[in-house]
Amino acid sequence: MDQVLVLGALQFAGFELCKALLDAGYPVMAADSKASGGIDGEKWMEIGRNANAIYQPTSELSVESDFTCCLPVYDYYVQNAREDLQTVCSCLGNFSNRMERLALILPNHLAESTEKAGWIPRSLTDYIETMTFFVPTLYGPGQPSRMAFSQMINGNLDPDLQYDDRDALYAGDAAKAIVQVLEKGRTGKTFYLKSPDGNGWEPVARFLAKDGYGSRPLPENRLVSVREMEGITVQPSISYKEAISKQMAYMGKNIKTSN
C-alpha cells in the first residue's frame, strides 16, 4: 500500500484506522463530511502533526495518485446514518479509476441481514478489488452514544442493545488487526474479528455495572454463520478495564474503577 484514503476519518472506527495506518508508516488521506472543529478538532490534533496525515473535507477531496480506500460502514450503521454514508461515498466518483483496493469494515449485524445491500455501495464493490471485515462491538474513546457501554457510563444500567454484539473488542486493537491484513493484500476475502474467547462484551458490562448487571439480557450473537469467512483472533494490547477507563476519561466522567 502506497497511500490510504480513510473515509469517515473523524468517526469512531475511522479515526482508529487512521491512527493504526499512521503507526504502521503509511501516508493517510483522512476525509470526512464533518467539520474538523470542536471535539473532532481535538481528536485530529492527536494525529494531525504526523507528516504522513492530510485531512480533507469530502466536498473538497482531491486525489492525485493510486490509493487503497478504507470505508468504516460500522460507524454509520451504529449511528443509523445511511444518508451520511452515501454523502461520504459520493466523493469517490471522480477518483474510482485510481482506487486499487477497497476495505469495508462492517458490523456483524450485516453478515446475515437483508439490510446488507443497502449499506454497501454496490457502485464500488462491483468493479474494485474488495476486502471485507466484520467486527463485533467496538469500544474505547469516541464510542458513539447509541452503544451500550456509552449508555452505561452515562448512568443507564439497562441499555438499548440494538447496535451491540455479544463479542467486543477495543477499537484500537481491531484497527491494528485490520491494517495487518491489509498489508498482505488479500483481496476478495472476507474476515471476521473476534476476541480470544468470543465473549468480550459481558465482562466490560459487569465491570461498568460494578457487578450489578445481574440477570439483565446480553446482546445477541450477531454473527451466526462464518462460512466462507476467515477468523482473526485479536489479542488485547491492554486489559478491558484499561480500555473502558480510556473511554470514560474521553467522555469526561470521573467514575471510580477498582481492580
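Biologist: Which residue stands opposite L106 in strand 6?

Modeller: In this predicted model, strand 5 and strand 6 run parallel and are joined by six bridges. Strand 6 covers residues 130-135, and the residue of strand 6 that stands opposite L106 is F134.

Biologist: How many of the residues of strand 5 are buried?

Modeller: Strand 5 spans residues 99-107 and is mostly covered. Besides its bridges to strand 6, strand 5 is joined by five bridges to strand 4, residues 67-71, again in parallel. Of the nine residues in strand 5, the number that are buried is eight.

Biologist: On the strand 4 side, what is the bridge partner of T68 in strand 5?

Modeller: Strand 4 and strand 5 run parallel, with five bridges between them. Within this pairing, the bridge partner of T68 is R101.

Biologist: Which residue in strand 9 does F133 stand opposite?

Modeller: Strand 6, residues 130-135, and strand 9, residues 190-194, run parallel and are joined by three bridges. The residue in strand 9 that stands opposite F133 is F191.

Biologist: Which strands stand at the edges of the sheet, each with a single partner strand?

Modeller: The open sheet consists of eight strands with parallel pairing, in the order 3-2-1-4-5-6-9-10. The two strands at its edges have a single partner strand each, so one side of each is left without a neighbour in the sheet. Neighbouring strands here are turned against each other by 20 degrees on average, direction ignored. The edge strands are strand 3 (53-57) and strand 10 (230-233).

Biologist: Is N108, in the loop between strand 5 and helix 5, buried or exposed?

Modeller: N108 lies in the loop that leads from strand 5 to helix 5 (116-119). Leaving aside its neighbours within four places in sequence, N108 is in contact with F134, V135, P136, D165, R222 and L223. Its relative accessibility is 3%, and since residues under 20% are classed as buried, N108 counts as buried.

Biologist: Which helix supplies the largest share of the lining of the largest cavity?

Modeller: The count comes to one cavity of 30 Å³ or more, and the largest cavity holds about 60 Å³ of space. Its lining consists of A13, E16, L17, I105, V135, L138, A171, A174, A175 and I178. Helix 1 (12-23) and helix 8 (171-184) each supply at least two of these residues, but the largest share, four residues, comes from helix 8.

Biologist: How many charged residues are found in the lining of the largest cavity?

Modeller: The residues lining this cavity include E16 alongside others such as L17 and I105. By class, the lining divides into nine nonpolar residues and no polar ones, and the number of charged residues is one.

Biologist: Which element gives the largest share of the lining of the largest pocket?

Modeller: The largest pocket contains about 310 Å³ of space, and of the 20 residues that line it, the closest to its centre are F15, E16, K19, E46 and Y170. Two or more lining residues come from each of helix 1, helix 2 (38-48), helix 8 and helix 10 (240-250). The largest share, seven residues, comes from helix 1.

Biologist: How many charged residues does the lining of the largest pocket have?

Modeller: The residues closest to the centre of this pocket include E16, K19 and E46. By class, the lining has nine nonpolar and three polar residues, and the number of charged residues is eight.

Conventions
Residues are numbered from 1 along each chain as its sequence is written. This is a predicted model: local features need pLDDT of at least 70, side-chain atom pairs count only at pLDDT 80 or more; totals for chains, interfaces and linings use all residues. Side-chain values use heavy atoms; hydrogens and water are left out. Two strands pair if DSSP finds at least two bridges between them. Axes are lines fitted to C-alpha atoms, for helices over the stretch in contact, and angles run from 0 to 180 degrees between N-to-C directions. Buried means under 20% relative accessible area, exposed over 50%, partly exposed in between (1.4 Å probe, protein chains only). Contact means heavy atoms within 4.5 Å. On a 1 Å grid over the protein atoms alone, a cavity is a set of points where a 1.4 Å probe fits but cannot get out, and a pocket is an open set with protein on both sides within 12 Å along at least five of seven lines; lining residues have an atom within 4 Å of a point. Grid points are joined across faces, edges and corners, and a volume is the space filled by probe spheres set on the points. Ala, Val, Leu, Ile, Met, Phe, Trp, Tyr, Cys and Pro count as nonpolar, Asp, Glu, Lys and Arg as charged, and the others, Gly among them, as polar.
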